[in-house]
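Trainee: I would like to go through this structure step by step and ask, for each label, what it rests on.
Mentor: Then let us look at it together and set each value against its definition.

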Amino acid sequence: MTIKSKKLVTLDEYIIQSQNRFPGATGELSQLLRDIGLAAKIISREVNKAGITNILGNDGSTNVHGESVKRLDLFADQQLISALDRSLITCMVISEENDGIVKLNSEGGKYIVYLDPLDGSSNIDVNVSIGSIFSIYMRQPRFGKELVEEDALQPGTRQVAAGYVLYGSSTIMAYTTGMGVSAFTLDPSIGEFILSNDNYQIPTHGRIYSINEGSYNSWEPGLKKYIKYCQKDDAETGRPYSARYIGSMVADLHRTLVQGGIFIYPSSKKYPEGKLRLMYECNPHSFIIEQAGGMAIDGKKRILEIEPHSIHQRTPIFVGSPENVKMVKSFMEEYAEEPA
Ligand code: AHM
Ligand code: MG
């Protein structure tokens with residue numbers, strides 16, 4: 001009797017196999033990714049039973065952005081930071097939930113990690129997909145000196161790895177180390193992330209646009225015109241496009257990666273600089289989308305080339321299939337001088 005079975009590859013096996021392709025690798029980045037994978041499993045477990053464990057709702061405090069902090073946000077923050085602290089590879093963490101840098105026990109560790117521990121907070125209490133986001137940098141030149149915030153202010157092009165965990169109808173972890181995008185689906189029955197796609201390619205053109213249209217009146221003219229273009233009938237380009245907006249960046253970006261199209265969070269009257277954070281929301285997603293063949297800009301230039309001036313800074317973002325991003329850019333250039 002021959003037994004034909006598909007070889008299942010776990011996240012840990014995959015990370016080790018990838019590391020083995022680089023004979024000089026120290027294994028530290030691999031360990032760091034495995035630490036994040038472990039924390040993600042713990043967070044996923046809590047998210048899945050949130051309604052029965054008294055972990056939903058507000059914590060009563062506000063974070064550095066003045067937003068009310070949910071208990072699950074804090075739980076995710078603690079899990080990720082303590083997982084990174086345990087393996088003594090990371091010297092500091094910057095997280096949406098903490099005002100300044102968080103120095104870890106290994107001040108000599110060579111990695112700096114940005115985290116959005118639980119993104120999509122407004123969706124936590126209503127059982128809609130949420131996610132964790134991470135972005136990893138090497139500590140730069142001033143090795144040996146005291147760690148300061150400036151050490152973490154590096155453009156997105158210097159990310160050595162980035163990824164997200166989506167707690168959706170299933171839990172998926174996707175990451176890149178600059179050699180394509182791999183994704184793993186959590187099999188809760190065995191507690192393992194199993195490889196589900198090791199080379200995501202975003203469609204060059206997609207028929208979905210994703211933006212919070214409630215702010216339409218305060219957008220710039222070119223963006224308003226682009227959204228009208230998306231809604232217009234045209235059989236050749238498959239318009240009207242469909243509108244999809246979950247309100248959790250991880251979920252909206254994962255759909256964009258798989259199905260193509262465009263996700264936009266522009267500047268508006270309420271958020272003149274855009275709402276989303278450059279270092280732990282836009283850079284990691286832009287790295288992933290570019291690695292899958294997509295594009296990410298702030299309206300004019302590439303997100304990954306923005307020189308950061310602050311760890312919590314915001315930026316507008318237009319990200320997705322290359323043809324869609326080029327099209328919205330051309331609309332905004334064409335109507336740049338028009339009054340709002
Ligand atoms: P958060 O970090 O407080 O969760 O806010 C970020 C979220 C993103 O996930 C999402 O894309 C965006 O906020 C939605 O904002 P809005 O409700 O303004 O459309
Ligand atoms: Mg967030």
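Trainee: How do you know that the shell around ligand 1 draws on both domain 1 and domain 2?
Mentor: In this predicted model, at least three residues of that shell come from domain 1 (11-197), and at least three come from domain 2 (208-334). Strand 5 (111-119) and strand 13 (262-265) are the elements that each give two or more residues to the shell.

Trainee: Which residues come nearest to ligand 1?
Mentor: There are 17 residues around the ligand, and Asp119, Gly120, Tyr245, Met249 and Tyr265 are the ones that come nearest. By character, the shell divides into seven charged, five polar and five nonpolar residues.

Trainee: What makes the approach of Met249 to ligand 1 a polar contact?
Mentor: The cut-off for a pair of N or O atoms is 3.5 Å, and a backbone N or O atom of Met249 lies 2.6 Å from an oxygen atom of ligand 1, so this pair counts as a polar contact. The side chain of Lys275 has an N or O atom 2.9 Å from an oxygen atom of the ligand, and a polar side-chain atom of Arg277 lies 3.3 Å from a ligand oxygen atom.

Trainee: How much of ligand 1 does the protein bury?
Mentor: Taken alone, ligand 1 exposes 470 Å², and the protein buries 88% of that area.

Trainee: What makes domain 1 and domain 2 partners in an interface, and how much area do they bury between them?
Mentor: Contact means heavy atoms within 4.5 Å, and by that criterion 49 residues of domain 1 are in contact with 30 residues of domain 2. The C-alpha centres of the two domains lie 23 Å apart. Between them the domains bury about 2900 Å², of which 66% is on carbon and sulfur atoms. On the side of domain 1, Ile133, Leu153 and Tyr164 lose the most area to domain 2, and together they account for 20% of what that side buries.

Trainee: Why is the peptide bond between Arg239 and Pro240 singled out?
Mentor: Most peptide bonds are trans. The bond that joins Arg239 and Pro240 is cis, with omega at about 5 degrees, and Pro240 lies in the loop between helix 4 (221-231) and strand 12 (242-243).

Trainee: What makes Leu88 and Asn127 worth pointing out?
Mentor: Most residues other than glycine have a negative phi. Leu88, although not a glycine, has a positive phi of about 55 degrees, and Leu88 is found in the loop between helix 3 (71-86) and strand 3 (90-95). Asn127 also has a positive phi, near 65 degrees, and its place is in the loop between strand 5 and strand 6 (130-138).

Conventions. Residues are numbered from 1 along each chain as its sequence is written. Chains are lettered from A and ligands numbered from 1 in the order in which they are written. This is a predicted model: local features need pLDDT of at least 70, side-chain atom pairs count only at pLDDT 80 or more; totals for chains, interfaces and linings use all residues. Side-chain values use heavy atoms; hydrogens and water are left out. A residue is near a molecule or strand if one of its heavy atoms lies within 4 Å of it. A polar contact is a pair of N or O atoms within 3.5 Å; within protein, one must be able to donate a hydrogen and the other to accept it, and residues adjacent in sequence count only if both atoms are side-chain atoms. Accessible areas come from the Shrake-Rupley method with a 1.4 Å probe; for residues, only the protein chains shown count as cover. Helices (H or I, at least four residues) and strands (E, at least two) are DSSP runs, numbered from the N terminus. Ala, Val, Leu, Ile, Met, Phe, Trp, Tyr, Cys and Pro count as nonpolar, Asp, Glu, Lys and Arg as charged, and the others, Gly among them, as polar. Domain bounds come from an automatic or database domain assignment. Buried area is the accessible area (1.4 Å probe) that two parts lose on being put together, summed over both.
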